[in-house]
Amino acid sequence: MKEYKTFINQKEMRDFFREICKEEDRRFSDKDIVSFIKFCERDFFDWLKTNYNYFLTNK
C-alpha cells in the first residue's frame, strides 16, 4: 500500500493552536501546546476505534 501523505504534523498543530489563541487573545505556553497535541492524539485514536467499529457493523 502506498503511504498517504498528510499535512497534519506537530508543526501544523502548533501553528493552529497559536493562531486560535491569538484570535481569542488567550495566552499560551509550550506546555499548553504539548498538552493540546497529546489530547488530540488520544481523541484521534478514540475516533479511529469508533469508526472502525462502525465500519465493521456496516460492512
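Let me begin with a term: a residue is called buried when its relative accessible area is under 20%, exposed when that value is over 50%, and partly exposed in between. Arg18, at 28% relative accessibility, therefore counts as partly exposed. Please keep in mind throughout that the structure above is a predicted model.

I would like to stay with Arg18 for a moment, and with the residues that it pairs with. Side chains of opposite charge can pair when their charged atoms come close. In this model, the side chains of Arg18 and Asp15 meet in a salt bridge, with 3.9 Å from N to O. Where do Asp15 and Arg18 sit relative to each other in helix H1? They are three residues apart in that helix, and so about one helical turn separates them.

Asp15 has a second partner, namely Lys11, and in that salt bridge the closest N and O atoms are 2.7 Å apart. Lys11 and Asp15 both belong to helix H1 as well, with their positions four residues apart in the count, which is again about one turn of the helix. Taken together, Lys11, Asp15 and Arg18 are linked in a network of salt bridges. As for how open these residues are, Lys11 counts as exposed because its relative accessibility is 54%, while Asp15, at 31%, counts as partly exposed.

How many salt bridges does the structure hold? There are three of them, and the one I have not yet described joins the side chains of Arg26 and Glu24, at 2.9 Å from N to O. Arg26 has a relative accessible area of 52% and is therefore exposed, whereas Glu24, with 45%, is partly exposed.

Now to the backbone, and to Asp25, which lies in the loop between H1 and H2. Most residues other than glycine have a negative phi. Asp25, however, has a phi near 55°, a positive value in a residue other than glycine. Is Asp25 buried or exposed? With a relative accessible area of 71%, Asp25 is exposed.

Let me turn next to empty space in the model. Rolling a probe the size of a water molecule over the atoms shows where empty space is left. The largest pocket found has a volume of about 430 Å³, and 12 residues line it, of which Ile8, Met13, Cys40, Glu41 and Phe44 lie nearest its centre. The elements that give two or more residues to this lining are helix H1, covering 10-23, and helix H2, covering 30-57. Which of the elements gives the most to the lining of the largest pocket? That is H2, with six residues. If we sort the lining residues by character, we find nine nonpolar, one polar and two charged.

Two of those central residues deserve a closer look. Cys40 lies in helix H2, and its relative accessibility of 24% is why it counts as partly exposed. To give a sense of distance, the C-alpha atoms of Cys40 and Lys22 are separated by 19 Å, and these two residues are 18 apart along the chain.

Phe44 also has its place in helix H2, and because its relative accessibility is 39%, it counts as partly exposed too. Besides lying among the residues nearest the centre of the largest pocket, Phe44 joins Phe45, Trp47 and Leu48 in making a nonpolar surface patch of about 420 Å².

Finally, I would like to compare positions along the chain with positions in space, using Asn9, which is found in the segment before H1. How far apart are the C-alpha atoms of Asn9 and Ile37? They are separated by 9.5 Å, although the two residues are 28 apart along the chain. Asn9 itself has a relative accessible area of 36%, so it is partly exposed.

To draw the parts together, we have a network of salt bridges through Lys11, Asp15 and Arg18, a loop residue, Asp25, with a positive phi, and a largest pocket to which H2 gives six lining residues. Thank you for listening.

Technical notes
Residues numbered from 1 in each chain as written. Predicted model: local features only at pLDDT ≥ 70, side-chain atom pairs only at ≥ 80, totals over all residues. Heavy atoms only, no water. 1 Å grid on protein atoms, 1.4 Å probe; cavity = no way out; pocket = protein on both sides within 12 Å on 5 of 7 lines; lining within 4 Å. Points joined across faces, edges and corners; volume = space filled by probe spheres on them. Nonpolar A, V, L, I, M, F, W, Y, C, P; charged D, E, K, R; others polar. Buried < 20%, exposed > 50% of the residue type's maximum accessible area, 1.4 Å probe, protein only. Patch = residues over 30% accessible without salt bridge, like charges linked within 9 Å, V, L, I, M, F, W, Y side chains within 5 Å. Areas by Shrake-Rupley, 256 points an atom, 1.4 Å probe, with all protein chains shown as cover. Salt bridge = Lys/Arg side-chain N within 4 Å of Asp/Glu carboxyl O.
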